Amino acid sequence: MTSLLRHSLLFDRVVRDLLLPGFCLASLLFAWPACASSEQQRIYRCGNAYTNQPDPAANCKPLAGGSVTVIEGTRVQGASVASPQVNASGGTSAGSAKVDSAEQRQRDTQAQVVLQAELQKAQQQHAGLLREWNNGEPERRADEFRQPQKYQDRVAQLRSALQRTEADLAGLQRELSRLSAPVQTGSKP
């Protein structure tokens with residue numbers, strides 16, 4: 001008797017779940033026309049987008065077979081994220097608090113010191129690579145006399161390393177010039 005009651009309750013739960021609003025299977029069981037709106041439509045691929053309403057100018061191609069499942073991404077919360085939040089004590093939160101000018105100058109000075117150290121290190125590395133590069137004719141090592149391909153590979157690696165360090169030097173100098181440039185206070189010259 002208990003088993004029959006348990007099966008009856010399970011059946012009632014399944015029927016109740018099927019009768020939830022918008023559940024197409026319930027519509028399929030009880031009213032066939034309600035499911036007709038989900039009939040498969042023609043899907044087109046327009047670049048990286050999939051649509052059932054193709055743009056004639058977008059060079060869309062119809063997809064054959066299968067259906068496309070679209071999973072929506074997260075939404076950006078817009079202005080609510082950008083506004084500072086007030087904590088319970090009435091002040092603004094620590095993440096959005098402004099830094100006073102003395103502390104900002106100290107941070108800028110620290111950043112400049114770090115960038116100067118990185119620039120010196122990159123200049124030393126670049127100088128070492130230039131010495132080894134020897135105007136495009138690096139000294140051959142013992143094993144490179146017998147294997148010319150090894151020498152060519154090393155020359156190519158040296159050339160790419162020189163290009164990387166030159167790009168690093170240029171980037172560090174850009175950052176240093178940006179930090180040392182006077183900050184305008186909003187007044188036009």
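Select Cys46 and Ala49 to begin: Ala49, in β2, is the bridge partner of Cys46. The model on the screen is predicted, so local features are taken from residues with pLDDT of at least 70 and side-chain atom pairs from pLDDT 80 or more, while totals for chains, interfaces and linings use all residues. Residues are numbered from 1 along each chain as its sequence is written, and side-chain values use heavy atoms, with hydrogens and water left out.

Extend the selection to residues 44–46, which make up strand β1 and pair with β2 in the antiparallel sense over three bridges. Strands here are DSSP runs of E with at least two residues, helices are runs of H or I with at least four, and both are numbered from the N terminus; two strands count as paired if DSSP finds at least two bridges between them. Strands of a sheet pair through backbone hydrogen bonds, either parallel or antiparallel. Now show the whole sheet, an open one of three antiparallel strands in the order β2-β1-β3. Its edge strands are β2 (49–51) and β3 (61–62), each of which pairs on one side only.

Return to Cys46 and add Cys60, and you will see the disulfide (cysteine sulfur atoms within 2.5 Å of each other) that joins them, with an S to S distance of 1.8 Å. Because Cys46 lies in strand β1 and Cys60 in the loop between β2 and β3, the pair ties together parts that are 14 residues apart in sequence. The torsion about the S-S bond is about 115°, so this disulfide is right-handed. The structure holds one disulfide. Are its two cysteines buried or exposed? Cys46 is buried at a relative accessible area of 15%, and Cys60 also counts as buried at 18%, where buried means under 20%, exposed over 50% and partly exposed in between, with a 1.4 Å probe and protein chains only.

Next, move to helix α5 (residues 142–146) and select Glu144, which is buried, with a relative accessible area of 3%. A polar atom of the Glu144 side chain lies 2.9 Å from the backbone nitrogen of Arg141. If residues up to four places away in sequence are set aside, Glu144 touches Glu139, Lys150, Tyr151 and Arg154, a contact being heavy atoms within 4.5 Å.

Finish at Tyr151, where Arg140 lies over the face of the ring at 3.9 Å from the ring centre; such a placement requires NZ of Lys or CZ of Arg within 6 Å of the ring centre and within 35 degrees of the ring normal.

Notes:
A polar contact is a pair of N or O atoms within 3.5 Å; within protein, one must be able to donate a hydrogen and the other to accept it, and residues adjacent in sequence count only if both atoms are side-chain atoms.
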